[in-house]
Amino acid sequence: MKPLEITVSAFGPYAGNVQIPLSKLGEQGIFLITGDTGAGKTTLFDAICFALFGEVSGSNREVDSLRSDFASPSTKTFVDLTFSHHGETYRILRNPAYLRPKKSGEGTTKETADATLWYPDGSVVSGAEKVKKAAETLLGIDAKQFKQIAMIAQGEFLKLLYADSVERGAIFRRVFHTDFYLAFQKKLKELEKENRTAFEDSGKRLLTYLSQCGIEETDENTLLQRAEQFLTEAEAEYEKAENVWLQQEKEIAAKEEERLKIAAQQADGENTNRLLDALAEAKKQYQSLLEEETAQLLKKEELQKQRRAVDYVQPKALDWKQKKDAADRLELQLKGLLDKEQKEKEVLQNSIEQEKALEPLCGQLEFDRAEAAKKEDRLKDFEAKEQAEKEIRRQEAEIQETAAQKEKLETEKTTLEDHLEVLRQQESLLPVVQQRLSALEQEKNRLQEQKDLLQETNDALQDGLEIRKTLDEIQKKYQTAKEKWEQAKAVADQAERNYLDAQAGILAENLAEGMPCPVCGSVHHPAKAVRSTQAPTQAEWNRLREVEKTEREKTETLSRKSGERNISLEHLREKVRNGLKKLGLENISQMQELEVSLQTEENKLDTELRETKKQEKELLKVPDELEKAKAKQQSLQKSLDTTDTLLRQQESALSQKKGEFNQLVQRIGNGTLAEAQAEWKKLCDAIRKKEKALQDVADKKQQAETALAGTQALLQQTGDNFKESCEAKEQAKDAFLKTLEEQQFKDKADFANSLVSREILEQTEEKNRAYFVALQTSKQNLENKQTEAAGKIYQDLTELEEEMKRLGVEKEEIQEKVQEQKALWQTRKKAAESAQKELQAWKKAEKDYLPIVELSKTANGELAQKDKIAFEQFVQGFYFDRILAAANLRFAEMTNGRYHLRRAEVAANKRSQSGLELEVMDYFTGKARGVKSLSGGEAFKASLSLALGLSDLIQQTAGGVEIKAMFIDEGFGALDEESREQAKSIRI
């Protein structure tokens, strides 16, 4: 980054608008900004830093104080910075938050902090935070690193010199891209954690299984180391326990055998008692049934009478009733048939009289039939005449159609000859149209290439905007994480200073005048360190360092992601720039106009292309159409000749048909077929009416005769049936009365009283039969029980039951003990088997874990009692050595060869990360000491040399951050004359 022009307005001591064209100072390596105290020298550095990052160059000033107290209320406060980076020019306009007069009304209002960044391609980023993130991404460093590397501000000149290993590592990681080595460290750390977790989890599972085996050892390390021995001993104990419970199971079997013998005796006694109880119950049941016997016998006789009424008498009564009903129905039917016979006789007599009245029509009907036959024969001549007339009209129509066809063919022949001439002319146009079509397609391809390029450029632009959006989010998260890291670092640094101060206080307690100081070597001690009562413990200090480390790693991760997005964004920008160049556009605002122009041109071209293709398609058909037209011309000529021949034949046939028609007219006259048919039809209708009248009378007579005969036959049959039905009725009555007497019923009333439904009768009979069956069964059961119980008495089973209970309790006690022992030892045996398997897994996990833990600790600088140099710090140490080499060239010149900066070989303690710690070699004393022991002027020279050395290396390192300017805001006048001349004389 190299500033080209700075414009400040109402900024610091500058009340108005001040423009500083730095590009006019030329390409000299050094120029001086000088002036009185408070004249605004540092304000210019503040302006550059504020424009880029929204911060001032020093830590003692606040952004809220940038508004000039001397400016008029209407003057706006802003910084406008134009700078170059990687050969391209950028511009940033930024204003702080400040109070200004309201545009309307009285009073003031707060102007919100804002910023705008213009890229070389014309794209713009707006917003204070977004521009800050964009500047960090563009330059590859944040505000803090910018002030340490490119702008050394008042009050912060020594920070780069006094930075610890962690702070220097963060700077070097961003500058030299050592993230890869850090990622490698983290990967080893993750592998160590995974293997350690697997090893520890396996050990925990193994300890769990061992504890389940009943092993009394409680020390976990002893359990793990002697696991195989413990498992072997547990197996032997299990075999002993198995022998014990086998002996106990034999005791259980003996108890069970004794219980079975007593159970048999108990079963015999219970059977005897049950038998005697059953005998008493049988006697009671039989006596109860015997008391009902008399009533059941009477009920049986009543049921037998009811059965006779239902089975014998009732069917005869039903038969008598059915036959009586049938005779009554036939009597009514007979009366109806006699009335019907009388009516049908009257109808027949009327038909006979009508038939006699129509006898004169028969002679007249014969005459009419003969006349109708003559008229029917004459109709054939009229039909022939009419057919001839129709044929004449048809042939005349065919002649007219054929003549019209001939005329049409002649017209088509003329039209076709004209069409042939047009086709011959169109055939000659095809090469011209094809040549034009080729030119249009080439133009179409050119337009499509431009559209594709425009689309690719637009896609790259949209992708860039999306990445820019993502980048802004990441940068916002990065800024938050960085602030948290800086806060955590400040807390940790303060704790470290307090802790180290406390250590110095401990060392200084017994320090006497003339005794060398173990820290600086001085024998004079005008102000000894005092031990603080509030100094943190080492554990608290380490915890704060871990917190700081965690926040730093989050910040580094977000920084890496931001860098990746920035690379992608730069690639897309390049793609957009190349696309605009190929399209001949100056900026992206012209893309929309070009798109519309290309679309309009394409639409116009597509229309012409469609029309030309359509014309080509039509012209390609012309040769075939030409051949078809020639063939059609020959076909038309052939058809014309055929039509002319057909016309002559039709005219000859018409003349012959007209002769036949004239002969028919001479024979039958000029009457028409319709008139002859109407006359013949009229006569036929009269004949049919007379025939119908005669036939209707004959049909009525026949129907009357048939109906009368049927009725008389039915009457005879019904009379015979009625006679038979009366006889059957009397026979049924006699049978009923006879059965009533045979079944011992006094009269109809006695029968009616005994009559019940068959369902109720059967149910009652079933109950009666069941009683007598139960009586007989009970009697037989009583006799059987008496036989079985003969000579038996009741048995007392109390003693046997008590003995069974005692044996059962003893058996259950032994059995429960055996089951408990079995469950315990089987569980232990299963646990031992699982422990054996887990032991092998634990050994394998241990084998996998031990090598990786050493490698991880080595790479991450965590080996006990070793220098805390991580892999990344080792690589960064290489760059640090080169920085120191470049810095010492200047430092030696400015100190006349007395001092030499170098990396400390041993860290301050074995617990802190080391590798980037700095010390100074004093060749006057021949001793190395800490850089914090340098005097103010010496520290100024050392930090200046270190900053310039870092700048040199960055310029030499491919892919590093490009810094083309360094701003040193320091009071060189505070140096002595010799030091000032030395600082001025070095080669920057």
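**View 1. An open, three-stranded antiparallel sheet in a predicted model.** Three strands line up here in the order E10-E11-E12, with antiparallel pairing, to make an open sheet. Strands (E, at least two residues) and helices (H or I, at least four) are DSSP runs numbered from the N terminus, and two strands pair if DSSP finds at least two bridges between them. At the edges sit strand E10 (899-903) and strand E12 (927-930), each of which pairs on one side only. From one strand to the next, the twist averages 35°; axes are lines fitted to C-alpha atoms, for helices over the stretch in contact, and angles run from 0 to 180 degrees between N-to-C directions. Strand E11 (residues 918-922) is joined to E10 by five bridges, and Arg902 stands opposite Glu919 in E11. Across E10 and E11 lies helix H19 (residues 871-894), running at about 175° to E10.

A word on the model: it is predicted, so local features need pLDDT of at least 70 and side-chain atom pairs count only at pLDDT 80 or more, while totals for chains, interfaces and linings use all residues. Residues are numbered from 1 along each chain as its sequence is written, and side-chain values use heavy atoms, with hydrogens and water left out.

**View 2. Arg67 in its loop.** Look for Arg67 in the loop between helix H1 (41-53) and strand E3 (78-85). Arg67 counts as buried because its relative accessible area is 16%; buried means under 20%, exposed over 50% and partly exposed in between, with a 1.4 Å probe and protein chains only. The side chains of Arg67 and Thr77 share a polar contact of 2.6 Å, meaning a pair of N or O atoms within 3.5 Å; within protein, one must be able to donate a hydrogen and the other to accept it, and residues adjacent in sequence count only if both atoms are side-chain atoms. A polar atom of the Arg67 side chain also lies 2.7 Å from the backbone oxygen of Thr75. Beyond residues up to four places away in sequence, Arg67 touches several others, including Ala10, Gly12, Pro73 and Tyr98, where contact means heavy atoms within 4.5 Å.

**View 3. Glu443 in helix H11.** Glu443 is found in helix H11 (residues 430-508). With a relative accessible area of 26%, Glu443 is partly exposed. Setting aside neighbours within four places in sequence, Glu443 is in contact with Glu601 and Leu605. The C-alpha atoms of Glu443 and Glu602 are 9.2 Å apart, although 159 residues separate the two along the chain.
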